[in-house]
Amino acid sequence: MRAQPTASHYVNGRYIEDEGGAPLPVIYPATGETIAMLRSATPNVLELAVEAARAAQPAWARLKPVERGRILRRAADILRARNADLARIETLDTGKAIQETLVADALSAADCLEYFGGAVAAYNGEAIDLGGPFAYTRREALGVCVGIGAWNYPIQIAGWKSAPALAMGNAMVFKPSENTPLSALALAEIYSEAGLPDGLFNVVQGYGDVGAGLVGHDVVAKVSVTGSVPTGRKVLSLAGSKMKHATMELGGKSPLIVFDDADIENAIGGAMLGNFYSTGQICSNGTRVFVQSGIHDRFVDRLIERTKKIRIGDPLDPETQMGPLVSKAQHDKVVGYIEIGKQDGATLACGGNVPSLQGFQGGFFVEPTVFTGVTDTMRIAREEIFGPVMSVLKFDGEDEVIDRANDTEFGLAAGVFTRDLPRAHRVIAELLAGTCWINAYNLTPVEIPFGGFKQSGIGRENSLAALALYSQLKSIYVETGDVASPY
Ligand code: NDP
């Protein structure tokens, strides 16, 4: 089962290699076998990528927005046409079940390219009437932008960053996570095939040092990172020290609140999606599930019943609902948190084991796990686990649950399940989170802004908000009469 690309990096419209780069093995998380061997970018590769982007960007920015958009929309069509192949690459790289990668990864990137490819032509500055003289504003490209990705949604993240950047006339150098380097290369090929001029979307592989090298590069005007809070802090301080624009999409420990009057099956469905999809490796997951005391026990019984039915196993089998975690390190981290949960006194209501699966003994699997009787101070209720581990917390009143839900350093997302819609809106308005759902969870259509409050990040992806953040505003005053000069 090989997934070896032509070479490690895609720079200036072609694959390049530098044998001096540190080896970067690509591991299939379901078996632990090495399926490709890439190399980390050397300073030489990094320089070539930044220079290619710098050289290509001005002519691209001078094109009519509708012409740039047309190329993005063509690339969206190719992504859709190749969805099955891309889903397979994504499953091999991440271990996520193919039934997910067929619907949630390349297709989300395609939606994004299509949206920004269309929206950019209508995204203009404004004219300001000054009673004779007037002014107008222009939304101008920033220049060379850097995108740095996490490993949970590799092609989606590459799409979410590159589409608004390119639409606005920027060039991008993208560094995928070292765990999942493959699909960004496929995206780069697709952009070229769609007619994107060479140098505008470059992919360089590497570990954190390559990311840091890009962030610190003097030519780079903006950096957008999807990753953990500690990485975000490092990147933001380096970017800030050089006055670069920055978007930070970071981690979370989001609350999902289920009131007594909620549709219980929908609420459980939302909680399961918000904890087990992508083997729990989603930044916006509602990992603190607050359930009101009146339905708590019924909710837990039915949740356990449904969780036990999740089919875990071969990610390439279309019937499989949950694959392994992305890496041995992440697996060990999640297993460690399950131990911590038990030691801290939470009740392990289901899961918690490492399953032994025929033919997949080397894989990084963990059973979907539910803890009940979780209290606010337990580590499993405070720290981001990034695995299929749900904490259920009981509550009585509305004010109480709002206080408890907000008692966290994070603020990425939140959800409320209730049939009482005035209450739903009232509670959501009080929750300190950037992306919220009422009677749903984890849906992130490109049309709505996505991002976090507090430590969960700065800036937004998707929607017109992203176009604003990949551009800078120029104001132009136009005199229509004489210059009123005292000299
Ligand atoms: P990391 O923070 O470990 O890494 C994110 C990216 O940053 C990787 O490409 C990494 O490279 C790179 N990196 C690491 N150190 C530096 C540095 N000093 N300078 C520049 N780049 C650096 O996150 P994970 O990949 O482990 O992803 C999981 C995290 O991402 C979770 O916290 C999750 O919540 C968050 N996330 C947030 C999302 C959001 O939109 N808010 C969405 C998805 C995930 P390398 O991998 O090679 O070390």
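**Stop 1: cysteine 283**

Select cysteine 283 and show its neighbours: leaving aside residues up to four places away in sequence, cysteine 283 touches Asn152, Leu250, Gly251, Gly252, Glu384, Phe386, Leu412 and Phe450. Keep in mind as you look around that this is a predicted model. Cysteine 283 belongs to the loop between α10 and β13. Is this residue buried or exposed? Its relative accessibility is 18%, so cysteine 283 counts as buried; the cut-off for buried is under 20%. There is also a note from a record here: an unreviewed UniProt entry lists Cys283 under "modified residue: Cysteine sulfenic acid (-SOH)".

**Stop 2: helix α10**

Now select residues 264–276, which make up helix α10. The helix has 13 residues and spans 18 Å from its first C-alpha to its last, close to the 18 Å expected at 1.5 Å a residue. Begin at its start, where a side-chain oxygen of aspartate 263 comes to within 3.2 Å of the backbone nitrogen of glutamate 265. Just past the helix, click on serine 278, which takes a positive phi of about 55°.

Why is α10 described as largely enclosed by the rest of the structure? Ten of its 13 residues are buried, so the surroundings largely enclose the helix. Colour the buried ones to see this: Ile264, Ala267, Ile268, Gly269, Gly270, Ala271, Met272, Gly274, Asn275 and Phe276. What do they pack against? Show the strands β12 (255–258), β13 (288–292), β15 (369–372), β16 (389–395) and β17 (413–417), and then add the helix α11 (293–308); the buried residues of α10 pack against these elements.

**Stop 3: threonine 369**

From Phe276 in α10, step across to threonine 369, since these two residues are in contact. Threonine 369 sits in strand β15, and with 0% relative accessibility it counts as buried. Besides Phe276, threonine 369 touches Ile338, Leu348, Cys350, Gly351, Gly352, Pro388, Val389 and Met390, again not counting residues up to four places away in sequence.

Zoom in on the side chain of threonine 369 and look for two polar contacts. One goes to the backbone nitrogen of glycine 352, at 2.8 Å. For the other, find the backbone oxygen of glutamate 367, which lies 2.7 Å from a polar atom of the threonine 369 side chain.

**Stop 4: the rings**

Next, show the aromatic side chains. How many aromatic pairs are there? The count comes to nine. Visit tyrosine 10 and tyrosine 15: their ring centres are 5.2 Å apart and their planes meet at 90°, so this pair is edge-to-face. Both of these tyrosines are buried. Then select Phe174, Tyr191 and Phe201 together, and you will have one aromatic cluster in view.

Charged side chains meet rings too. Lysine 96 lies over the face of tyrosine 153, 3.3 Å from the ring centre. Arginine 423 is over the face of phenylalanine 259, at 4.0 Å from the ring centre.

**Stop 5: alanine 36**

Finish at alanine 36, in strand β4 (residues 34–39). Its relative accessible area is 0%, so alanine 36 is buried. Show its contacts, not counting residues up to four places away in sequence: Arg2, Ala3, Gln4, Pro5, Leu24, Pro25 and Val26. For a last exercise, use the distance tool between the C-alpha atoms of alanine 36 and valine 146: these residues are 110 apart in sequence and 25 Å apart in space.

Note on methods. Residues are numbered from 1 along each chain as its sequence is written. This is a predicted model: local features need pLDDT of at least 70, side-chain atom pairs count only at pLDDT 80 or more; totals for chains, interfaces and linings use all residues. Side-chain values use heavy atoms; hydrogens and water are left out. Helices (H or I, at least four residues) and strands (E, at least two) are DSSP runs, numbered from the N terminus. The expected span of a helix is 1.5 Å times one less than its number of residues. Buried means under 20% relative accessible area, exposed over 50%, partly exposed in between (1.4 Å probe, protein chains only). Contact means heavy atoms within 4.5 Å. A polar contact is a pair of N or O atoms within 3.5 Å; within protein, one must be able to donate a hydrogen and the other to accept it, and residues adjacent in sequence count only if both atoms are side-chain atoms. Rings of Phe, Tyr and Trp (its six-membered ring) pair if their centres lie within 6.5 Å; planes under 30 degrees apart count as stacked, over 60 as edge-to-face and the rest as tilted. A charge sits over a ring if NZ of Lys or CZ of Arg is within 6 Å of the ring centre and within 35 degrees of the ring normal. UniProt positions are given in the numbering used here, feature names are shortened, and annotations may be inferred rather than shown by experiment.
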